[in-house]
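Visitor: Could you take me closely through one part of this model, the place where aromatic rings gather, and then show me how its surroundings continue along the chain?

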Amino acid sequence: MAAMLLSTMRSGSVSPSWAVRLTARSLSTTSPLQAQVQTKSKKTLARPGVKNIVLVEGVRTPFLLSGTTYADLMPHDLARAALQGLLHKTGLPKDAVDYIIYGTVIQEVKTSNIAREAALGAGFSDRIPAHTVTMACISSNVAMTSAVGMIAAGQCDSVVAGGVEFMSDVPIRHSRKMRKTMLSLSKAKTLGQRLGLIGSIRMAHLSPELPAVAEFSTAETMGHSADRLAAAFGVTRLEQDEFSVRSHTLAKQAQDAGLLEDVISFKVPGRDIVSKDNGIRVSSMEQMGKLKAAFIKPHGTVTAANSSFLTDGASAVLVMSEEKALAMGYKPKAYLRDFVYVSQDPKDQLLLGPTYGTPKVLERAGLSMSDIDVFEFHEAFAGQIMANLKAMDSDWFGQTYLGRKSKVGAPPMEKFNLWGGSLSLGHPFGATGCRLVTTVAHRLQREGGQYGLVAACAAGGQGHAMVIEAYPQ
């Protein structure tokens with residue numbers, strides 16, 4: 001695919017001035033916090049005979065760089081804090097939920113069903129079932145849409161969904177040979193058998209196995225894939241650094257203005273109260289330019305500064321049927337409408353989930369790109385975002401890979417990730433989806449929009465997209 005894309009872009013099917021236009025638009029959105037409220041009169045996506053499902057509230061712990069203030073905790077501590085924050089913010093009775101679903105990626109072996117352990121720790125009734133899901137970076141998206149499905153099916157009226165990731169202390173295994181030896185030792189019946197097994201241990205057996213940072217199917221790291229994807233779409237280092245600076249600048253503005261109202265304060269045992277994300281770093285282009293390639297050395301364009309960083313954090317949302325929410329006295333934030341999951345080539349299109357998911361979910365909802373007032377895309381890498389935007393703005397890509405007559409169309413930057421994104425706020429793999437959805441709901445309220453769109457890529461060449469509709473204020 002890379003060779004085809006480069007050839008096509010050279011021939012002009014993908015406009016070489018696209019990057020210039022995108023950069024100009026991105027620079028024009030550095031102060032979007034006082035957006036005018038616009039009165040919308042679009043149709044609602046409510047359908048006769050279909051239950052309306054609403055987002056009542058969403059919270060998250062501060063997202064922190066791994067190895068910092070959360071370093072001595074366990075994953076369920078963060079998940080419990082998010083759930084307790086949700087209870088506190090909503091006043092929800094602890095027995096008023098029908099089900100709890102949590103997403104996570106790198107599981108702590110002591111709490112394999114972290115949804116259940118966190119729910120019990122947060123004080124929810126032990127009569128409420130809970131299960132854990134995983135789908136890489138869209139794990140909490142799966143938790144939320146599972147909640148939507150259970151409510152739509154009439155199985156539940158009220159579900160808490162969320163996600164957590166804890167990169168400060170990931171499980172590290174012994175080598176396979178060492179594990180075999182240790183298991184055999186536990187079964188050995190005589191001293192001679194034990195001594196023989198101990199004597200068989202070699203230095204190589206002591207080498208640990210870290211959690212995989214590469215795709216199992218391709219043996220390629222996501223950063224390496226992002227670098228290749230950026231090159232295939234002609235995304236320059238300058239464009240990536242500019243987008244990263246934009247993300248951090250907008251996040252800092254949103255944080256200072258108090259717009260990140262989903263963030264709850266969390267008293268870390270033995271430490272201070274944490275109330276803000278700590279990964280936001282507003283840098284100059286000169287500082288960004290000094291960093292070397294992180295994955296494809298020395299000529300790659302993906303660096304540590306234009307990539308999302310390893311993050312600890314948890315999120316939680318309360319999802320209800322509209323009828324149930326109103327009966328309990330809640331004012332919902334938004335309707336959760338159509339959603340899709342997509343999957344494509346994990347080698348050359350690993351991070352193109354938003355490009356594949358966006359047109360499908362718009363078609364399901366009967367909407368066009370121009371109908372969307374708020375866009376929130378997951379920022380795994382600046383190069384990944386820019387490649388998706390270029391793919392969406394390419395007639396050739398739309399015709400060749402999406403089976404369309406023309407391009408999807410790139411989101412206007414004045415509507416795109418205006419409060420920062422994963423590059424700046426952080427990306428706890430299992431928790432980001434809830435942040436995206438809650439942010440869309442809050443932005444729709446503040447900006448007076450009616451429809452928002454969430455899109456995200458995920459490991460394995462998968463992706464997710466969802467349409468969210470503002471609740472009448």
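Guide: The part to look at is a cluster in which ring pairs link Phe233, Tyr356, Trp396, Phe397 and Tyr401. This is a predicted model, in which local features need pLDDT of at least 70 and side-chain atom pairs count only at pLDDT 80 or more, while totals for chains, interfaces and linings use all residues. Residues are numbered from 1 along each chain as its sequence is written, and side-chain values use heavy atoms, with hydrogens and water left out.

Rings of Phe, Tyr and Trp (for Trp, the six-membered ring) are taken as a pair if their centres lie within 6.5 Å, and the pair is called stacked if the planes are under 30 degrees apart, edge-to-face if over 60, and tilted otherwise. Counted in this way, the model holds eleven aromatic pairs. One of them joins Phe233 to Phe397, a tilted pair with 5.8 Å from centre to centre and 50° between the planes. That pair links distant parts of the chain, since Phe233 sits in the loop between α8 (222–232) and α9 (237–256), whereas Phe397 belongs to helix α14 (residues 395–401), 164 residues apart. Helices here (H or I, at least four residues) and strands (E, at least two) are DSSP runs numbered from the N terminus.

Phe397 also takes part in a second pair, with Tyr356: the ring centres are 6.2 Å apart and the planes stand at 80°, so this pair is edge-to-face. Because Tyr356 lies in helix α12 (residues 353–365) and Phe397 in helix α14, the contact ties together parts of the chain that are 41 residues apart in sequence. The three rings of these two pairs can next be judged by their exposure, where buried means under 20% relative accessible area, exposed over 50%, and partly exposed in between (1.4 Å probe, protein chains only). Phe397 is buried at a relative accessible area of 0%, Phe233 is buried at 1%, and Tyr356 is likewise buried, at 12%.

Moving from α14 to other elements, helix α13 (residues 382–392) is mostly covered, with eleven of its eleven residues buried. The buried residues of α13 include Gln384, Asn388 and Lys390, alongside such residues as Ile385, Met386 and Leu389. In the loop between α14 and α15 (422–425) lies Asn417, whose phi is near 45°, a positive value in a residue other than glycine. Asn417 counts as buried, at 0% relative accessibility. A positive phi in a residue that is not a glycine appears again at Ala136, where the angle is about 55°. Ala136 is placed in the loop between β4 (130–133) and α5 (139–152), and at 16% relative accessibility Ala136 too counts as buried.

A further backbone feature is the cis peptide bond that joins Lys297 and Pro298, with omega at about 5°; Pro298 lies in the loop between α10 (285–289) and β8 (311–321). Ala327, by contrast with the buried residues above, counts as exposed at 67% relative accessibility, and its place is in helix α11 (residues 322–327). From Ala327 to Val440 the separation is 113 residues in sequence and 25 Å in space, C-alpha to C-alpha.

Rings in this model also meet charged side chains, where a charge sits over a ring if NZ of Lys or CZ of Arg is within 6 Å of the ring centre and within 35 degrees of the ring normal. Arg337 lies over the face of Tyr335, at 4.1 Å from the ring centre, and Arg60 is placed over the face of Phe63 at 4.4 Å.

To set these details within the chain, UniProt lists residues 330–469 in an unreviewed entry as "domain: Thiolase C-terminal", and the annotation "domain: Thiolase N-terminal", also from an unreviewed entry, covers residues 53–323. UniProt positions are given in the numbering used here, with shortened feature names, and the annotations may be inferred rather than shown by experiment. The span 330–469 is 36% helix and 21% strand, with its end C-alpha atoms 17 Å apart, while residues 53–323 are 36% helix and 15% strand, with end C-alpha atoms 9 Å apart.
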